[in-house]
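Biologist: I would like to learn how to read a structure like this one. Could you take me through it feature by feature?

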Amino acid sequence: QVQLVESGGGSVQAGDSLRLSCAASGCIFKNYPMGWFRQAPGKEREFVAAIGRSKIITYYADSVKGQFTISGDNAKNTLYLQMNSLKPDDTAVYYCAAFGGWPSITTPQAFPPLVNYWGQGTQVTVSS
């Protein structure tokens, strides 16, 4: 059974950091590119970051580039999203995802159609 289980969300102040985790079943973590999305209240779900199957190649939405870092731990089958200098605009439910492939042209719009599996989401709230 495929499982993506997020954790690490919470309520923080602007400027703080959080690290989200996504525990994946081994076959998913090792064989699928993975990534993070977020959905703010009243907004559509948006792409945040992705990492290739080898967990080396990364791609970020412009809105989080230089602020967030995606990484993976092969020994723990866990995906991470390190979020620094958080702002109130980063408030959202953050979702882990596993992709069926990597887009030939990497744009934020190319990733949503490739999602095969979703996690249940974890809430991040940033107050000013």
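Modeller: Happily; we will go from the overall fold to the disulfide and then to one tyrosine. This is a predicted model, in which local features need pLDDT of at least 70 and side-chain atom pairs count only at pLDDT 80 or more, while totals for chains, interfaces and linings use all residues. Residues are numbered from 1 along each chain as its sequence is written, and side-chain values use heavy atoms, with hydrogens and water left out.

Biologist: How many helices and strands does the chain have?

Modeller: Helices (H or I, at least four residues) and strands (E, at least two) are DSSP runs, numbered from the N terminus. Here there are one helix and 11 strands, in the order β-β-β-α-β-β-β-β-β-β-β-β.

Biologist: What does the radius of gyration tell me about the chain?

Modeller: It is taken over C-alpha atoms, and the globule rule is 2.2 Å times the number of residues to the power 0.38. For 128 residues a compact globule would have a value near 14 Å, and the chain, with 13 Å, agrees.

Biologist: What percentage of the residues is buried?

Modeller: Buried means under 20% relative accessible area, exposed over 50%, and partly exposed in between (1.4 Å probe, protein chains only). In this chain, buried residues make up 45% of the 128.

Biologist: Which cysteines form a disulfide?

Modeller: The term covers a pair of cysteine sulfur atoms within 2.5 Å. The whole structure has one disulfide, joining C22 to C96 with an S to S distance of 2.1 Å. C22 sits in strand β3 (residues 18–24) and C96 in strand β9 (residues 92–99), so to speak distant parts of the chain, 74 residues apart. Both cysteines, C22 and C96, are buried.

Biologist: Why is the disulfide of C22 and C96 called left-handed?

Modeller: The torsion about its S-S bond is about -75°, so the disulfide is left-handed.

Biologist: Why is the sulfur of C27 not in a bond with C22?

Modeller: The closest cysteine sulfur to that of C27 is in C22, and at 13 Å it is too far for a bond.

Biologist: Is Y59 buried or exposed?

Modeller: Y59 is buried, because its relative accessible area is 18%. This tyrosine is found in strand β6 (residues 58–60).

Biologist: Which residues does Y59 touch?

Modeller: Contact means heavy atoms within 4.5 Å. Not counting residues up to four places away in sequence, Y59 touches F47, V48, A49, A50, W102, T106, T107, P108 and F111.
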